[in-house]
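Welcome, and please take a moment to look over the sequence and the model below. We will walk through them together, step by step.

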Number of protein chains: 2
Amino acid sequence: MTSTELKVTFTPSGRRGTAGPGSTVLDVARELGADIDSVCGGRGICGRCQVTVGSAPGVPASETALSAPGPTETDYRGKRPLVAGQRLSCAAQILEDVVIDVPPESQVHRQVVRKRAEVIAIDVDPVVRLHYIEVSEPTLDDDSSDLGRIQDALEEQWGLTGLTADESLIGTLQPALRQGKWQVTVAIHDGAIITGIWPGFRDVALGVAYDVGSTTVAAHLCDLTSGDVLASAGLMNPQIRFGEDLMSRVSYVMMNPGGEVALTAAVREAMDDLIGTLVSEAGVEREDILEVTVVGNPIMHHLVLGIDPTPLGGAPFALAVDKAVRARASLIDLEVHSGARLYILPLIAGHVGADAAAAVLSEGPHRGDAVQLLVDVGTNAEIVLGSSGRLLAASSPTGPAFEGAQISSGQRAAPGAIERVRVDKDTLEPRFKVIGSDLWSDEDGFIDSIEKTGVTGICGSGIIEVIAELYLAGVISQDGVIYGEHSRIVEDGRTKSYVLGDGSPQILVTQNDVRAIQLAKAALYAGVKLLMGHLDVDAVDEIRLAGAFGSHIDTKYAMVLGLIPDCDLEKVSAAGNAAGTGSMMALLSREARAEIERVATEIEKIETATEPKFQELFVGAMGIPHASDPFPKLGGAVALPERKDPTGRPERRRRRNPGSTT
Amino acid sequence: MTSTELKVTFTPSGRRGTAGPGSTVLDVARELGADIDSVCGGRGICGRCQVTVGSAPGVPASETALSAPGPTETDYRGKRPLVAGQRLSCAAQILEDVVIDVPPESQVHRQVVRKRAEVIAIDVDPVVRLHYIEVSEPTLDDDSSDLGRIQDALEEQWGLTGLTADESLIGTLQPALRQGKWQVTVAIHDGAIITGIWPGFRDVALGVAYDVGSTTVAAHLCDLTSGDVLASAGLMNPQIRFGEDLMSRVSYVMMNPGGEVALTAAVREAMDDLIGTLVSEAGVEREDILEVTVVGNPIMHHLVLGIDPTPLGGAPFALAVDKAVRARASLIDLEVHSGARLYILPLIAGHVGADAAAAVLSEGPHRGDAVQLLVDVGTNAEIVLGSSGRLLAASSPTGPAFEGAQISSGQRAAPGAIERVRVDKDTLEPRFKVIGSDLWSDEDGFIDSIEKTGVTGICGSGIIEVIAELYLAGVISQDGVIYGEHSRIVEDGRTKSYVLGDGSPQILVTQNDVRAIQLAKAALYAGVKLLMGHLDVDAVDEIRLAGAFGSHIDTKYAMVLGLIPDCDLEKVSAAGNAAGTGSMMALLSREARAEIERVATEIEKIETATEPKFQELFVGAMGIPHASDPFPKLGGAVALPERKDPTGRPERRRRRNPGSTT
């Protein structure tokens, strides 16, 4: 260090060192390893590198610490106009000792707070980065090719070496260079491969995060640089025409060998249709999409990839592929940029899918010390339990009862379905809410509000609530038997049913319905207890209920029925669309991909089918509330509060939330 | 080494070491690094590992050196039955000190001698290897996937690690494993990526080597393991409908922007059609083809890849891509195995293409000490000069005269074209041969033999011969002027012509024709001289004339006219289809790919257009024979011998040789 050198400190990174007078802030940041974003490479075009002068003990903010704004800054006409005090770090020169503040939006690695069904912070560690380069023109004396000169420019202007060009790019290098007059922007995927090239300067790199559920396919269009969500959309999974639930779709393939081709085509078409919706909503082009991530349960995962799912329909539930898949987006027939890449999160086990992996990424049980129980209920309940020390996963065969299947009046959560129920403890009269209406059935205008659909059946959250309410009202015993004499209790042969809806069709809660829910909840509870045994804990610190079921059921009723183990009610919450959030995290962050690949390998898989203990726990969990976990505080007389939507948004809108999948 | 260990020597590798009694020959070979092939991994299925007992000083061939043939060998029913003395090295156990002979056909790296237009030895270093594996079945206790268990089997049974599966394979792993009852054969490309999987044992891995010329597209179907050529086929390049020669096709694109799409589609379709011909001829399937290599001049190279070739139509002749291209075969629309890979050899410079690189690989000037001149004449002459010490390359703008274009009666080499000419020194009467007939024009039956075509024109080799003959007969001066009075010499205005054919159409050799050939040959000669100057040599040790032109012209006439520099006539020869051979070498050998990529980078490119010396040399080379290189031994009275076909095959058949491209 010579005496003329100046002391420079960058915040918040804390990087510090010395610089010669007149060095630009950006050059010094690069030298010291401070994180400042740039697409144009310091040419005063992109405006990504804006900083302010900060202060530190002994180094007050000085107006003369940086050179006065020159023409690059005063003429700057970027997308984000320079406001007072903001400087382009590529233009501002360091003249005195200085502290430079780098705001989050000028950092390559930044944290964005996502506010959808849930509030979650996502660290952006871009999978794709754009680099503007000025490529030397070909001359007779220079025998290098267009690609060679692009590689040279990336090395000289960005210090990037060893880059290869995607094969889909080979035909586009030449016209882009000539159209851009030897100035182009390239997209570099994962620091290794050039996947896009455009003439001139460009600042758009988008990606789509999918959450492919059995019922709904959801997609989010994100800006890969800022992490902003530009649009979200959802569609019914068109595979439903081959079977309402997962197992019926597997049966379809079993009975129609080769039928997976139709199932694959159906879901891929829906995924591609969603891109059309997203780009139209955001006013962008399909070609702007450079990255795609997908999560889904093992059967959806296999079908998206064109793999026959029938081995997943029976023991030993053998997966074809379980590690993360890196491929081209064209592999699954998505019409996006020709160099676009596909990333599918790893599966955890035969019944614990990429959706569960994504939920783990989102909820982060492995990042904390608290013992977290993360449950995603579908045809199978995917259960993850543990903390930073150790993480276990299992799948429990709940069957589709929680989704309204195998219930006499059950149906999917759709307009017309009863979703909330209250039973008067004295009169045993019910009142309920139906999807599509904001009114309770005893409120004025209810009949008019459901004119279009009528009351068609009862969905998963409704059946949970009515059985819990009937238990609290004393109509159902701890053993799950419907008993008593009342005008609402009808008898058919040897069993009784409760009449929930008097219209047409009549909505009954039958003894078999109660048994189906008992079986499902016992399976879920037994799976959780099995993991608790393996982890050697008696209680869990927090419970996160992921997915649509987790968002729609009232956690208190879940505890009344004994779906989940004892836990401070304050610590039980819906995780919202955790799988979709995890998909988005993998879309935006290389580190997130590395993290979930590591965690998915480390998670201990417990196979419920081969654990003798599971059967024992299952039988023991049939009662309401199960014998081992009585809830005296939730006795028959307790007044349950009205359910509050955890998102705080109106229920009608949340129903349409494309992020909700089952 | 303990006293019980036995001494084992493998020939021809010379690998030696010790082994415990009872070790199998294959295990010991692997331990000592001796090269023995195997697909089945030592299970007595493939028969690839056959060896014999040899001898060495002090180690006589002993019948008891190996265990007596057991059931694996006596029951062996492989494709190559065991003949007396042949042993399966996976079954035979070593009982005494022994010398093991590994015949070439049992080596992974072997040398095959190719005998087509030329005899050449190709070292096989397989780009694709097949490995038979027994994969463990999935169980409830094993949470790995099909792919994971395949990777485990490859590591356990073959010691292969770090392999990834091609994305096209993801959907096929599962059915292959189940159909093969957990026994499958996988194809591994370049030691890194699994590109194919088949149920059970399989021993077929094929590849196609293309040579895409402006006139002809040729393809050879090869067994990637043995190096055998199973079939060869050729087609006219359908791009001819867009322009006869290269430059007219570039002009087509210049005048029809986007026209390269049609040119690309045309050549790719021809390439795919050839696969149909090849697999039908060899009785194999398109799906058996796992590798494809392509060579071609820069314009063909770009068009095959879908790149607009117009920048190659003028200075600075900028290539879009020059390094070797590794991609999927599907990139160029070939219907072969879905995991098949495409390899395109590197280009050397803007006018020196992958065909020249392939010719270098085939002729190997860089492998010897002799100064070799390698010339491929097309619209441009691609010239390579040098030896192991230093290699130079240039392209010289000969124009299409050598291909019969710009010649008054010129035409492509096709039935009806005059290809050989003799002129009587006394009478000046000509006699000639026409493509499609084996007879000279003065032989009985000639007229009948060309009944179908007639005499339609004169092709490149014909125009060379007639001008050389007219020079030797004194009709053309050293300056290239047609002079004299004779019934065969007609005058049109200020210049004279020689009447070669009296029929209809009349075939004339005009003064302009002579000038066109003078310009072309001066360009070629000047290019060669320019490189000789750079290499600082006065003479070359050997001359190899590649391509169709090189095969068809009589090298002596080439020297009479001064196309090529002074050289011992014995050392001047046709290289045949050197580009096609080089394509095949790259198909069969990883080492060959590495070699040409290294050499292509090391070759010094000389740009004729910017070398002032080139113009000077060009002007000096216009005379016949050029002033700087008189050929007194080839004076007017010398009797030139009849041309002999270097392949020794009838000319009619050679004309159809699909390996010939221009």
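What follows goes from the overall form of one chain to some of the strands in both chains.

A word before we start: this is a predicted model, so please read each value below as computed from it. Let us begin with chain A as a whole. Its secondary structure comes to 17 helices and 29 strands. If you draw a box along the principal axes, the C-alpha atoms of chain A fill roughly 95 × 60 × 55 Å. Does that fit a globule or not, and what can we compare it with? A compact globule of 662 residues would have a radius of gyration near 26 Å, and chain A has 29 Å, which agrees.

Next, consider how chain A is packed. Of its 662 residues, 59% count as buried, where buried stands for under 20% relative accessible area. The contacts tell us about the fold too: taking those between residues at least 6 apart in sequence, 67% join residues at least 24 apart. On the outside, chain A exposes about 25,400 Å², and carbon and sulfur atoms supply 50% of that area. As for charge, chain A has 59 positive and 90 negative charges, and the mean positions of the two sets are 2 Å apart.

Now for the strands. In general, the strands of a sheet pair through backbone hydrogen bonds, either parallel or antiparallel. A good place to see this is an open sheet of 3 strands in chain A, with the order β22-β21-β23 and mixed pairing. Why do β22 and β23 of chain A have one side without a neighbour in the sheet? β22 (430-434) and β23 (457-458) stand at the edges and each has a single partner strand, so one side of each is left free of a neighbour there. Strand β21 of chain A, residues 417-423, pairs with β22(A) in the antiparallel sense over 5 bridges. To find this pairing in the model, look for A:R420, which stands opposite A:K433 in β22(A).

Elsewhere in chain A, strand β3 (residues 50-54) pairs with two strands that you can trace one after the other. With strand β4 (residues 87-88) of chain A, β3 runs antiparallel, joined by 2 bridges; here A:V51 has A:R87 as its bridge partner. With strand β5 (residues 98-101) of chain A, β3(A) is also antiparallel, through 3 bridges, and A:G54 stands opposite A:V99.

Let us move over to chain B. Here 4 strands form an open sheet in the order β8-β10-β11-β9, again with mixed pairing. Because β8 (128-134) and β9 (164-165) of chain B stand at the edges with a single partner strand each, one side of each lacks a neighbour in the sheet. The partner of β9(B) is strand β11 (residues 193-199) of chain B; the two run parallel and are joined by 2 bridges. In this pair, B:A165 stands opposite B:I194.

Our last stop is strand β27 of chain B, residues 542-546. How many of its 5 residues are buried? The count is 4, so to speak of β27(B) as mostly covered is fair. Strand β18 (residues 372-377) of chain B pairs with β27(B) in the parallel sense over 5 bridges, with B:L373 opposite B:I543. Strand β28 (residues 572-576) of chain B is likewise parallel to β27(B), over 4 bridges, and there B:R544 stands opposite B:S573.

Key: Residues numbered from 1 in each chain as written. Chains lettered and ligands numbered in written order. Predicted model: local features only at pLDDT ≥ 70, side-chain atom pairs only at ≥ 80, totals over all residues. Heavy atoms only, no water. Rg over C-alpha atoms; globule rule 2.2 N^0.38 Å. Buried < 20%, exposed > 50% of the residue type's maximum accessible area, 1.4 Å probe, protein only. Contact = heavy atoms within 4.5 Å. Areas by Shrake-Rupley, 256 points an atom, 1.4 Å probe, with all protein chains shown as cover. Lys, Arg positive; Asp, Glu negative; His and termini not counted. Charge placed at Lys NZ, Arg CZ, Asp CG, Glu CD. Pairing = 2+ DSSP bridges.
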